[in-house]
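Trainee: Before I rely on this model, could we go through its architecture and a few individual residues together?

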Amino acid sequence: MITLEHINLVVSDIEKSLRFYQAAFPHWHVRGGDKGEWSGKPRNWLHFGDDYQYIALADNGVGDNRDLTGHQVGLAHFAYVTSDLKGTIARITQAGFPIHKDGTPDEYRENIYFLDADGYEVEFVQYHTDVPELRNRY
């Protein structure tokens with residue numbers, strides 16, 4: 001079996017990014033961090049997660065994230081499953097991040113998309129069935 005352990009995001013400001021991810025994952029915590037250098041440029045970094053998975057955030061990113069309506073190579077979005085989509089939406093919007101776009105209506109799942117502080121699109125999905133054929137219809 002293979003599972004995703006972490007993703008590593010380059011951001012402009014760790015604290016702004018952390019505000020989004022703390023709202024999305026209130027049960028996670030900062031696991032550690034430090035200062036370092038990446039290709040000759042100083043940066044701060046931290047790991048935010050639980051004992052098994054996390055998001056690595058590294059600062060000193062420059063420029064804008066890719067245009068999500070365009071066709072550039074790059075990350076389109078990443079997604080997490082939640083058992084309480086309404087609660088997730090409430091926490092993230094209360095932290096100051098509006099819904100970016102609605103998900104596709106489906107009787108077996110609900111989903112929603114947000115943009116984090118640096119424009120990474122993050123999807124949250126709640127399934128209403130455990131039957132794979134129904135969860136993964138398209």
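What follows is a conversation on the overall fold, the core, one strand and two loop residues.

Mentor: This is a predicted model, in which local features need pLDDT of at least 70, side-chain atom pairs count only at pLDDT 80 or more, and totals for chains, interfaces and linings use all residues. Residues are numbered from 1 along each chain as its sequence is written, and side-chain values use heavy atoms, with hydrogens and water left out.

Trainee: In what order do the elements of the protein run from the N terminus on?

Mentor: Helices (H or I, at least four residues) and strands (E, at least two) are taken as DSSP runs, numbered from the N terminus. On that basis the protein has three helices and eight strands. Their order is β-α-β-β-β-β-α-β-β-β-α.

Trainee: What is the radius of gyration of the protein, and what does the globule rule give for 138 residues?

Mentor: The radius is taken over C-alpha atoms, and the rule is 2.2 Å times the number of residues to the power 0.38. The two values are close, so the protein is as compact as a globular protein of that length. The rule gives 14 Å, and the radius of gyration is 16 Å.

Trainee: Which element gives the most to the largest nonpolar core?

Mentor: A nonpolar core is a set of buried Ala, Val, Leu, Ile, Met, Phe, Trp, Tyr and Cys residues joined through side-chain atoms within 4.5 Å, where buried means under 20% relative accessible area, exposed over 50% and partly exposed in between, with a 1.4 Å probe and protein chains only. The largest such core has 26 residues, and those with the most contacts inside it include Leu-9, Tyr-21 and Phe-124. Among the elements that give two or more residues to this core are S1, S5 and S8. The most, six residues, comes from H1.

Trainee: Which residues of helix H1 (residues 14-24) are buried?

Mentor: A general point helps with the pattern: an α-helix has 3.6 residues a turn, so residues three or four places apart point the same way. In H1 the buried residues are Ile-14, Ser-17, Leu-18, Phe-20, Tyr-21, Ala-23 and Ala-24.

Trainee: Which residue of strand S7 (residues 109-115) stands opposite Val-125 in S8?

Mentor: Two strands pair if DSSP finds at least two bridges between them. S8 (residues 121-127) has six of its seven residues buried; four bridges join S5 (residues 78-81) to S8 in parallel, with Val-81 opposite Val-125. Seven bridges join S7 to S8, and these strands run antiparallel. On that side, the residue opposite Val-125 is Asn-111.

Trainee: Is Ser-83 buried or exposed?

Mentor: Ser-83 has its place in the loop between S5 and H2. Its C-alpha lies 7.6 Å from that of Tyr-127, although the two residues are 44 apart in sequence. With a relative accessibility of 69%, Ser-83 counts as exposed.

Trainee: Which side chain does a polar contact of 2.5 Å join to that of Asp-106?

Mentor: A polar contact is a pair of N or O atoms within 3.5 Å; within protein, one must be able to donate a hydrogen and the other to accept it, and residues adjacent in sequence count only if both atoms are side-chain atoms. Asp-106 lies in the loop between S6 and S7, and counts as buried because its relative accessibility is 15%. A polar atom of its side chain is 2.6 Å from the backbone nitrogen of Tyr-108. The side chain joined to that of Asp-106 at 2.5 Å is that of Arg-137.
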